[in-house]
Amino acid sequence: MPEIGTETSPIRVAIIGSGPAGFYTVSNFFKQKELSVELDMYDRLPSPFGLVRAGVAPDHQKDKSVIRAYDKSAANPNYRFFGNVEYGTHVMLEDLKEHYHQVIFTTGAPVDRNLEIPGEDLTGSYSATEFVAWYNGHPDFAHLSFDLSQESVAIVGMGNVAMDVARILSKTPKELESTDIADYAFKNLLESKVKNIYLLGRRGPAQAAFTPPEIKELGELYDTEVTVRRDEANLDPASIEYINNNPDKNVEKNIGYIAKYAGRERKGKKKLLTIRFLVSPVGMIGKANKLVAVKLVKNEAFKSNDGSVRPRSTGEFEELPVGLLFRSVGYRGLPLPGVPFHEDWGTIENRQGRVCNGDGEILQGLYTAGWIKRGATGVIGTNKTCAQETVECMVEDLHAGKLFSREISTRDELSGFIRARQPRVITYEDWKKIDAAEITKGAAENRPRVKFTSVEEMLSILDP
Ligand code: NAP
């Protein structure tokens, strides 16, 4: 039998998930010039790109330019897209073992973390994940509705997702009209009565998880002013000591912007965005099952045993009246059938991308990359090096003969098998037709695209 990975017997890999980690797996494989490889990418949606399409904020179009590189990878004849095909529903691990030498899971971290506080289930309390997916037109979230007739909204967390949510709630229709925000979300935001937006961080300015461009951008909003209480902008002794010992340019810049916003006088703009530090929600207060306020405790910062600066309660409480609240405290992955999962971390158990069981034993042929491998951290580009690490392991294992099986079906047999399981499989060519229809619709409105927000709408483009 010819050696696997050669022209007569290419290595065949299934990639589950078509977000950045999936596409960087593709580009990393195609960079291996000495290797013949066939890559099949699966996604449960007809549209590819994961969070680049459904997570990146619609007013951050530049961040979506990575799609050009993904398109280039997809143009390689040894790449195939099987959209509208779900792992665990249409294809199972046992099926993939018959058709592939290796499988890599790049399914991301699609769900949010909870605050685990009383009242979290009140109407009006949501996860940022839901809101972000809603305004981005993700088909699973398009049916949701958010009561934007509320005047005061809180966002819990100080990461870049919280920044995105704050910006979308703060922007004027003019600032959003030329984006690819979902049509229904734009219409809802047009009628928004939101006037007060609070960003709530449990630690101080030196520990904020946002990055300098994002905090800077908040100061440039057309009809929203940003402010920070002077007492909360001042650095606590534990943070000063930490920064002196661990200088960091981004932290320095963040602190600079916060100092600039501290105690700013109001200039008469319509909305006010207040950034609060060293406060933690401890409960949500409702009336008739509807959120009316969030109870906060004032924290103080202290140096923990590992040297980091942590928050602890001072026992001083306040109630902040809000009718809408988004928790934005990080994402976590979901377990996949047949794949060992670390419940606490919300990731697939792995070592450098090689899937292992709870005892650390490597499971031959199974790999992972991206947020489901390392947790929801880093920017889009971080997935490039993450995927590279895994692909290096995959190539090394191929050379060591560590594969599911040496004998697998032919490429055509595989296509037939998938079509039998899911007759409405979407190819990359199909996706390009859907993509073109969205872009054409968008051009008429001077927007990058008008998104189809249901699977039926997407499929209807292919069966006019
Ligand atoms: P993140 O960066 O991990 O931020 C999570 C925030 O939640 C932190 O401020 C954290 O505070 C806070 N938090 C966690 N548990 C909490 C609790 N129980 N109570 C109160 N606050 C709590 O997560 P993210 O914002 O979801 O972003 C995920 C990743 O995507 C990040 O790497 C982010 O940079 C990236 N992203 C990038 C962009 C961009 O480049 N423009 C846009 C969106 C997302 P502590 O620090 O105290 O834990």
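Which helix gives the most to the shell around the ligand? Helix H6, residues 160-170, does, with 3 residues. The legends below describe close-up views of a predicted model.

**View 1. The shell around the ligand.** The ligand is surrounded by 21 residues. Met158, Arg202, Arg203, Glu214 and Gly378 are the closest. By class, the shell holds 10 nonpolar, 7 polar and 4 charged residues. Helix H6 contributes the most, 3 residues.

**View 2. Polar contacts to oxygen atoms of the ligand.** A polar side-chain atom of Arg202 sits 2.7 Å from a ligand oxygen. For Arg203, an N or O atom of the side chain lies 2.8 Å from an oxygen atom of the ligand. Val161 takes part through its backbone: a polar atom there is 3.1 Å from a ligand oxygen. Taken alone, the ligand exposes 920 Å², and the protein buries 78% of that.

**View 3. The open sheet and its edges.** The sheet has 7 strands, ordered E3-E2-E1-E4-E20-E19-E18. Its pairing is mixed. Strand E3 (79-83) and strand E18 (350-351) each have a single partner strand, so one side of each lacks a neighbour in the sheet.

**View 4. The E2-E3 pair and helix H1.** Strand E2, residues 37-43, pairs with E3 in the parallel sense, over 5 bridges. Within this pair, Asp40 has Arg80 in E3 as its bridge partner. Helix H1, residues 20-30, packs on the sheet. H1 touches E1 (11-16), E2, E3 and E4 (102-105). The direction of H1 makes about 175° with that of E2.

Note on methods. Residues are numbered from 1 along each chain as its sequence is written. This is a predicted model: local features need pLDDT of at least 70, side-chain atom pairs count only at pLDDT 80 or more; totals for chains, interfaces and linings use all residues. Side-chain values use heavy atoms; hydrogens and water are left out. Two strands pair if DSSP finds at least two bridges between them. Helices (H or I, at least four residues) and strands (E, at least two) are DSSP runs, numbered from the N terminus. Contact means heavy atoms within 4.5 Å. Axes are lines fitted to C-alpha atoms, for helices over the stretch in contact, and angles run from 0 to 180 degrees between N-to-C directions. A residue is near a molecule or strand if one of its heavy atoms lies within 4 Å of it. A polar contact is a pair of N or O atoms within 3.5 Å; within protein, one must be able to donate a hydrogen and the other to accept it, and residues adjacent in sequence count only if both atoms are side-chain atoms. Accessible areas come from the Shrake-Rupley method with a 1.4 Å probe; for residues, only the protein chains shown count as cover. Ala, Val, Leu, Ile, Met, Phe, Trp, Tyr, Cys and Pro count as nonpolar, Asp, Glu, Lys and Arg as charged, and the others, Gly among them, as polar.
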